[in-house]
Amino acid sequence: EDDTFKTIGGLKSDTEYFVEIDAETSKGWGERANHSTTVRTQMIVYGAPEGLEATKVTEMNSTVLRVSWQNVTAGNVTAAPRSYIVSYGREGAATSDFKTLPVRESTQVTLTKLTPYTYYR
């Protein structure tokens, strides 16, 4: 086994870490290293949310939709992002006219104050 390499686990994605190496021999610790480095871990890129469903919330009224989706995945690991941004607007509207709604730690949101009998995307 090569003892000049060490894998450090449990690091956060897209985070900067300061790395410095000091050496110990049978005589004790040597002087502090005169060289250190700062490294950034790779950013995990998540796939698009799947299983998007929009259902009318009938117990309220025709101006409310509940939208739900499945957690996204990174590679073969299911991940739970801290937040999503849900964008929505009337069918045919420019995306610059869409409303955005941050959703924290959830895979569903209720959209309110919609226009009755109007298609949204």
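**Exercise 1.** In this predicted model, work out how the residues lining the second largest pocket divide into nonpolar, polar and charged.

*Solution.* Start with the lining of the second largest pocket and sort its residues by type: 7 are nonpolar, 3 are polar and 1 is charged. Next, look at the space itself, which has a volume of about 200 Å³. Finally, find the pocket's centre: of the 11 lining residues, S62, L65, T115, Y117 and T118 are the closest to it.

**Exercise 2.** Find which side chains of strand β11 are buried, and which strand β11 is joined to by 4 bridges.

*Solution.* Walk along β11, residues 108–111, and watch the side chains alternate. V109 and L111 point to one face and are buried. Q108 and T110 point to the other face and are not buried. Now turn to the partner: strand β6, residues 65–68, runs antiparallel to β11, and 4 bridges join the two. To see one pair of residues, look for R66, which stands opposite T110 of β11.

**Exercise 3.** Decide whether L114 is buried or exposed, and list what L114 touches.

*Solution.* First locate L114 in the segment after β11. Its relative accessible area is 8%. Buried means under 20%, so L114 counts as buried. Then collect its contacts, leaving out residues up to four places away in sequence: L114 touches T63, V64, L65, Y88 and Y120. As a last step, compare chain and space: L114 and R90 are 24 residues apart along the chain, and their C-alpha atoms are separated by 9.2 Å.

Key: Residues numbered from 1 in each chain as written. Predicted model: local features only at pLDDT ≥ 70, side-chain atom pairs only at ≥ 80, totals over all residues. Heavy atoms only, no water. 1 Å grid on protein atoms, 1.4 Å probe; cavity = no way out; pocket = protein on both sides within 12 Å on 5 of 7 lines; lining within 4 Å. Points joined across faces, edges and corners; volume = space filled by probe spheres on them. Nonpolar A, V, L, I, M, F, W, Y, C, P; charged D, E, K, R; others polar. Buried < 20%, exposed > 50% of the residue type's maximum accessible area, 1.4 Å probe, protein only. Pairing = 2+ DSSP bridges. Contact = heavy atoms within 4.5 Å.
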